[in-house]
Amino acid sequence: MINGNQSLKQIQDKKIYLLAEFTILPGFLKEVKATLKEALIPTLQEPGCEALYETGRNDDPNRLVFFEVFSSAVAHEFHLAQDYTKRMFASLDGNVSGVTTWIPARDLTSLSVDF
């Protein structure tokens, strides 16, 4: 909800940064990756999608890592409403082991990455 000190433009101009990491149960990786691949191109073509990266870990091939940047909360909400996004989340349902790590934008400001 927008408070009296914020304009709609200020809210819409805030980028959304998401970092997610999760482990796919053995036997489901191929199926999950196929659904993720199906969603990749349409997601990158969405208005407001600035970046979407998916990678894995060499030491754990079933561990997937995602980094996404959306131009605004509105753009991210649009992304979540798409059928291919819903299919992607459905493919994860019941196929993820352990605890999924989600780091929303507010927590990325203190994240340090060395290249």
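In this predicted model, Leu52 makes a good starting point. Setting aside neighbours within four places in sequence, Leu52 touches Leu40, Thr43 and Leu44, and it is also in contact with Phe66, Phe67 and Glu68. Leu52 and Phe66 turn up together again as members of the largest nonpolar core, a group of 11 residues. The rest of that core is made up of Ala20, Phe22, Ile24, Leu29, Val32, Leu36, Leu64, Met88 and Leu92. Who supplies these residues? At least two core residues come from each of β1 (16-24), α2 (29-44), β3 (60-70) and α4 (83-92). There is also a second, separate core, with 5 residues, and among them are Ile16, Cys49, Phe70 and Ala75.

Next comes strand β1. This strand is mostly covered, with 7 of its 9 residues buried. β1 also pairs with β3, and the two run in the antiparallel sense over 8 bridges. One of the matched pairs is easy to pick out: Glu21 has Val65 in β3 as its bridge partner. As a general point, side chains in a regular strand alternate between the two faces of the sheet.

His76 is worth a look too. This residue sits in helix α3, which covers residues 73-81. Is His76 buried or exposed? Its relative accessible area is 15%, and because the cut-off for buried is under 20%, His76 counts as buried. Beyond its neighbours within four places in sequence, His76 is in contact with Ile16, Leu18 and Phe70. Two of these names, Ile16 and Phe70, have come up already, as members of the second core.

Methods: Residues numbered from 1 in each chain as written. Predicted model: local features only at pLDDT ≥ 70, side-chain atom pairs only at ≥ 80, totals over all residues. Heavy atoms only, no water. Core = buried A, V, L, I, M, F, W, Y, C linked by side-chain atoms within 4.5 Å. Buried < 20%, exposed > 50% of the residue type's maximum accessible area, 1.4 Å probe, protein only. Helix = DSSP H or I, 4+ residues; strand = E, 2+ residues; numbered from the N terminus. Contact = heavy atoms within 4.5 Å. Pairing = 2+ DSSP bridges.
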